[in-house]
Amino acid sequence: MSQVEMEIVISRTGQVTVEIQGAKGPRCLKYAELVRELVGREQQRQLTREYYEPDTDVRIDTEVRDQHGQ
């Protein structure tokens with residue numbers, strides 16, 4: 001899994017700019033939503049080339065059963 005980095009810049013006027021790197025595809029929007037919740041209203045969103053790349057993380061679902069196979 002790649003490391004996700006967020007660069008957050010706050011201007012003198014209070015405008016917040018966020019750049020998210022390392023999260024491909026729609027996964028990056030989850031990070032953007034988290035930042036939006038913290039700083040308030042979003043004025044503009046610009047998707048980068050990385051957004052359109054496939055998310056290559058491997059996900060493995062496991063199921064835990066008790067001793068009786070349930």
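Trainee: What is the relative accessible area of Glu 33?

Mentor: This is a predicted model, so the value is computed from predicted atoms. Buried means under 20% and exposed means over 50%. Glu 33 falls in between, so this residue counts as partly exposed. Its relative accessible area is 28%.

Trainee: Which residue of helix 1 forms a salt bridge with Glu 33?

Mentor: Look three residues along helix 1, about one turn of the helix. The closest N and O atoms of the pair are 2.9 Å apart. The partner counts as partly exposed, at 31% relative accessibility. The residue is Arg 36.

Trainee: Which residue in the segment after helix 1 meets Glu 33 in a salt bridge?

Mentor: Here the N to O distance is 2.8 Å. Glu 33 lies in helix 1 and its partner lies in the segment after helix 1, so the pair ties together parts that are twelve residues apart in sequence. The partner is partly exposed, with a relative accessible area of 36%. The residue is Arg 45.

Trainee: Which residues do the salt bridges that share partners join into one network?

Mentor: Start from Glu 33. One salt bridge joins Glu 33 to Arg 36. Another joins Glu 33 to Arg 45. The network is therefore made of Glu 33, Arg 36 and Arg 45.

Trainee: How many salt bridges does the structure hold?

Mentor: Two involve Glu 33: one with Arg 36, one with Arg 45. Glu 50 also forms a salt bridge, with Lys 24. The structure's count is three.

Trainee: How far apart in sequence are the parts that Glu 50 and Lys 24 tie together?

Mentor: The closest N and O atoms of this salt bridge are 3.8 Å apart. Glu 50 lies in the segment after helix 1, and Lys 24 in the loop between strand 2 and helix 1. The pair therefore ties together parts separated in sequence by 26 residues.

Trainee: Does Glu 50 count as buried or exposed?

Mentor: Check the cut-off: buried means under 20% relative accessible area. Glu 50 has 19%. Its partner Lys 24 has 25% and counts as partly exposed. Glu 50 counts as buried.

Trainee: Which residues does Glu 50 touch, not counting residues up to four places away in sequence?

Mentor: One of them is its salt-bridge partner, Lys 24. Strand 2 covers residues 16-21, and Ile 20 and Gln 21 from that strand are also touched. The full list is Ile 20, Gln 21, Gly 22, Ala 23, Lys 24 and Gly 25.

Trainee: How many bridges join strand 1 to strand 2?

Mentor: Strand 1 covers residues 5-10, and strand 2 covers residues 16-21. The two run antiparallel. Glu 7 stands opposite Glu 19 in strand 2. The number of bridges is six.

Trainee: Which residue in the turn of the hairpin has a positive phi?

Mentor: Strand 1 and strand 2 form the hairpin, with five residues between them. The phi in question is about 95°. The residue is Gly 14.

Trainee: In what order do the elements of the protein chain run?

Mentor: The secondary structure comes to one helix and two strands. Helix 1 covers 27-39, and strand 2 covers 16-21. From the N terminus on, the order is β-β-α.

Trainee: What share of the residues of the protein chain count as buried?

Mentor: The chain has 70 residues. Glu 50 is one that counts as buried. The share is 16%.

Conventions: Residues numbered from 1 in each chain as written. Predicted model: local features only at pLDDT ≥ 70, side-chain atom pairs only at ≥ 80, totals over all residues. Heavy atoms only, no water. Helix = DSSP H or I, 4+ residues; strand = E, 2+ residues; numbered from the N terminus. Buried < 20%, exposed > 50% of the residue type's maximum accessible area, 1.4 Å probe, protein only. Contact = heavy atoms within 4.5 Å. Pairing = 2+ DSSP bridges. Salt bridge = Lys/Arg side-chain N within 4 Å of Asp/Glu carboxyl O.
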